[in-house]
Amino acid sequence: MSTSEVITSAHAVGDKSERIVRYTLTERINHWISGITYVYCLMTGLAFWWPYTYWLAAVAGGGPTARFWHPWMGVIFTVSVFYMYKLWRNDMVVTDADRAWWKNVTYYIRNQDEKLPPIGRFNYGQKLFFWVMFYAAILLLLSGIILWIPEMIPWNLRWLRYLGIALHVAAALVSIGAFIIHVYMGTAMVRGGFSAMIRGQVSSRWARTHHRLWYEQVTRKAPPGK
């Protein structure tokens, strides 16, 4: 669904009940597919990587089951991330408003959002997380394929195996750090952010406080793209 369609539906709902559509059903389903598959890959990946976390494999169905499903869940995760890119690529472009917001990020940390410069649908931190996970997904996929079928790599190209291990671990650790911050921000830092990804709607007040430019856009108080 395009951004313009999201704006139109958001405006319609906002007129009737002061509720604004923040995420469409398609966006929410895709988000939770990526989240669930990532958590599964996170658990099983840690189980394979470190002996002290191997107990996570039992939670994920046992060692052989986890070994079978880990790469397939990784493929599903990557596909969902690519689809998320299709849905949100225009919304994730960093703008001057985002840079101004980032310069005043201390207000965000202090929960003083009313002092922050107005921003669009996503703030700078959300955009940064998106791009980190997007490129991490690409590296995890490419390195994961090497680790998935190592027997098909000729011995004279064995350096690809070592490179694959290094890239897979590095990309995984970076994405884990970003994921932890994302979960914390979405559940504890900004009240209403998590419920928006479940119900799909936010109040007009929430939208005005946290994403003023987006709110003005969807309620037609500013021209699209401003």
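A patch here is made of residues with over 30% relative accessible area and no salt bridge, and nonpolar side chains are joined within 5 Å. Keep that handy for the first exercise; note too that this is a predicted model.

**Exercise 1.** Work out which residues make the nonpolar surface patch, and which helix gives the largest share.

*Solution.*
- Start with the members: Leu139, Trp155, Leu157, Trp159, Tyr162, Leu163 and Leu167 make a patch of about 720 Å².
- Next, sort by element: helix 8 (residues 159-189) supplies the largest share, 4 residues.
- Leu139, for its part, sits in helix 7.
- Check Leu139 against the patch cut-off of over 30%: its relative accessible area is 38%, so it counts as partly exposed.

**Exercise 2.** Decide whether Lys127 is buried or exposed, and find what surrounds this residue.

*Solution.*
- Locate Lys127 first: it belongs to helix 7, which spans residues 124-148.
- Then take its relative accessibility, 4%. Buried means under 20%, so Lys127 is buried.
- Now look around. Beyond neighbours within four places in sequence, Lys127 touches Asp91, Met92, Val93, Val94, Thr95, Asp98 and Phe122.
- Finally, pick out the polar partner: the side chains of Lys127 and Asp98 make a polar contact at 2.5 Å.

**Exercise 3.** Put the whole protein chain in numbers, from elements to surface.

*Solution.*
- Count elements: the chain has 11 helices and 2 strands, in the order α-β-α-α-α-α-α-α-α-α-β-α-α from the N terminus.
- Check burial: 38% of the 226 residues are buried.
- Finish with the surface: about 13100 Å² is exposed, with 67% of it from carbon and sulfur atoms.

Conventions: Residues numbered from 1 in each chain as written. Predicted model: local features only at pLDDT ≥ 70, side-chain atom pairs only at ≥ 80, totals over all residues. Heavy atoms only, no water. Buried < 20%, exposed > 50% of the residue type's maximum accessible area, 1.4 Å probe, protein only. Polar contact = N/O pair within 3.5 Å; in protein donor to acceptor, adjacent residues only side chain to side chain. Contact = heavy atoms within 4.5 Å. Patch = residues over 30% accessible without salt bridge, like charges linked within 9 Å, V, L, I, M, F, W, Y side chains within 5 Å. Areas by Shrake-Rupley, 256 points an atom, 1.4 Å probe, with all protein chains shown as cover. Salt bridge = Lys/Arg side-chain N within 4 Å of Asp/Glu carboxyl O.
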